[in-house]
Amino acid sequence: MINIIDKVNCCGCSACASACPKRCITMKSDNEGFLYPHLDKDTCIDCGLCEKVCNELHPFPQRSPLQVWAAINKDEEIRLKSSSGGIFHILAKMTIDDGGVVFGARFDENWQVVIDYAETMIGVEDFMGSKYVQARIENAYKNAKRFLIEGRKVLFSGTPCQVAGLKQFLRKEYDNLLTVDFICHGTPSPRVWGMYLDEVTDSCKFVKSISFRNKINGWKHLHFSVEYDPVTNATSLLSSAYQNQYMKAFLADLTLRPSCSSCSAKSGSSNSDITIADFWGIWNVNLDMYDDKGTSMLFINTDKGRQVLPSKELVKYSESDYAVALKYNKACAVSVVPNPKRKQFFVQLHATKSVIKLIDKTLAPPFLDTCVRSIKSFARKMLKKANRGVNHYYTNPEISSITFRNKETGWKSYSIKIKIKDKKQ
């Protein structure tokens, strides 16, 4: 019988609800917006299957990839539409062309995210691009199993915990199943996302597209964008991913699921065949694979993954190694550390009228830090003037030392101290 005592021990993969023979487990949203299993004890027959398929209770062992590749889709149009190097699109097309089915994350009618399947490449387009919201599984595991039993090839893509959840749910290996996950920073709250979207859009029904990682200014300078239906005459939203409030909260680990701080699917333990990610840092190790349009990092985890690797006619490859991947992509193996203000944020979320203002307020630096930065900025400006001879007092000074946090008046009321020949300031 599944029993969640500490929410850090539930990733919301829905394997338990999908496996329950009596359908007595339902996934319900908590006050933070994350789904957790709720059990109807009157219907439960105590078969224990929900515990057997729980990846938190029975995690797969960690492993290193068999091969690591930097990869670029040679189709420039597809690559620009993709989050990184456009490799998922090729794998999906190979599956569809072979009469198979592709599972991935798409937006629903309310612009929340759900795992669904597609049998055409037009449907696969909905799965392209990163979606920084935790996706609902709903019937995805059951549908995948149905297609597998029918003998059709299935490509299942999702977060590491979702892929692990599928493998636990199936409880056996299928030759016609290919699993693809990605290096995951963490899954943000659907509730926070819904509140943000309501605040920045007049109505979701007029939204035409949303991109968390628009490449309009390049792969490294990602932008968040919302495009509206032309008939509305509404102004599309475009902002740097590092300045947009929703993305700032995500990157600051403020809105992530509690289990993301103790992820049981890191370091290859999702049991996926292939892991796809951005090859951050590629510009430091292989400039031949970098043009600021997106480069994928591929972990080939199994022989099956190696067998389906797209041909060099479609993909430009360069072999790398796991040590390089870990150096520039620590999320491969390391879970996030929760933002210290996370609890405070979600407590205030219930009463706030503006999630944007709440994010700005929560992430605003402490007053003391602001003062220190101001002092340092002032000092740098003064030194520049001194070196240029602009300020008579500082003309050609012989500076012996600078202390930005002089504690002569105490630790909490420190001051800046600049020693100049025969003078002190």
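Start by selecting strand 3, residues 67-73 (strands are DSSP runs of E of at least two residues, helices runs of H or I of at least four, both numbered from the N terminus). Gln67, Trp69, Ala71 and Asn73 point one way from strand 3, and Val68, Ala70 and Ile72 point the other way. In a regular strand the side chains alternate between the two faces of the sheet. Seven of the seven residues of strand 3 are buried (under 20% relative accessible area with a 1.4 Å probe, protein chains only; exposed is over 50%, partly exposed in between).

The model on the screen is predicted: local features need pLDDT of at least 70, side-chain atom pairs count only at pLDDT 80 or more, and totals for chains, interfaces and linings use all residues. Residues are numbered from 1 along each chain as its sequence is written, and side-chain values use heavy atoms, with hydrogens and water left out.

**The partners of strand 3**

Add strand 12, residues 296-300. Strand 3 and strand 12 run antiparallel and are joined by five bridges (two strands pair if DSSP finds at least two bridges between them). Gln67 stands opposite Ile300 in strand 12. Next, add strand 13, which pairs with strand 3 over six bridges, also in the antiparallel sense. Here the bridge partner of Ile72 is Lys316. Strands of a sheet pair through backbone hydrogen bonds, either parallel or antiparallel.

**The eight-stranded sheet**

Now select the whole open sheet: eight strands in the order 5-4-6-7-11-12-3-13, with mixed pairing. Strand 5 (113-118) and strand 13 (315-320) stand at the edges with a single partner strand each, so one side of each has no neighbour in the sheet. From one strand to the next, the twist averages 25° (axes are lines fitted to C-alpha atoms, for helices over the stretch in contact; angles run from 0 to 180 degrees between N-to-C directions).

Move to strand 6 (residues 154-158) and strand 7 (residues 177-182), which run parallel and are joined by five bridges. Val154 stands opposite Leu177 in strand 7. Then show helix 6 (residues 140-149), which packs on the sheet and touches strand 4 (101-107), strand 5, strand 6 and strand 7 (contact means heavy atoms within 4.5 Å). The direction of helix 6 makes about 160° with that of strand 6. Helix 7 (residues 160-170) also packs on the sheet, touching strand 5, strand 6 and strand 7, and its direction makes about 150° with that of strand 7.

**Two pockets**

Rolling a probe the size of a water molecule over the atoms shows where empty space is left. On a 1 Å grid over the protein atoms alone, a pocket is an open set of points where a 1.4 Å probe fits, with protein on both sides within 12 Å along at least five of seven lines; lining residues have an atom within 4 Å of a point.

Select Ser130, Tyr132, Phe182, Arg213 and Asp278: of the 50 residues that line the largest pocket, these are the closest to its centre. About 1200 Å³ of space lies in the largest pocket (the space filled by probe spheres set on grid points, which are joined across faces, edges and corners). Its lining divides into 27 nonpolar, 17 polar and six charged residues (Ala, Val, Leu, Ile, Met, Phe, Trp, Tyr, Cys and Pro count as nonpolar, Asp, Glu, Lys and Arg as charged, the others, Gly among them, as polar).

For the second largest pocket, of about 510 Å³, select Lys81, Glu125, Met128, Gly129 and Ile210, which lie nearest its centre among 21 lining residues. Strand 8 gives the most to this lining, with seven residues. The lining of the second largest pocket holds six nonpolar, seven polar and eight charged residues.

**The three-stranded sheet**

Stay with strand 8, which belongs to an open sheet of three strands with the order 8-9-10 and antiparallel pairing. Strand 8 and strand 10 (237-240) are at the edges, each with a single partner strand, so one side of each is left without a neighbour in the sheet. Four bridges join strand 9 (residues 223-228) to strand 10, and Phe224 stands opposite Ser239 in strand 10.

**Last stop: Leu222**

Select Leu222, in the loop between strand 8 and strand 9. Is Leu222 buried or exposed? At 5% relative accessibility, Leu222 counts as buried. Leaving aside neighbours within four places in sequence, Leu222 is in contact with Arg213, Asn214, Lys215, Ser240, Ala241, Tyr242 and Trp280. From Leu222 to Ser239 is 17 residues in sequence and 8.8 Å in space, C-alpha to C-alpha.
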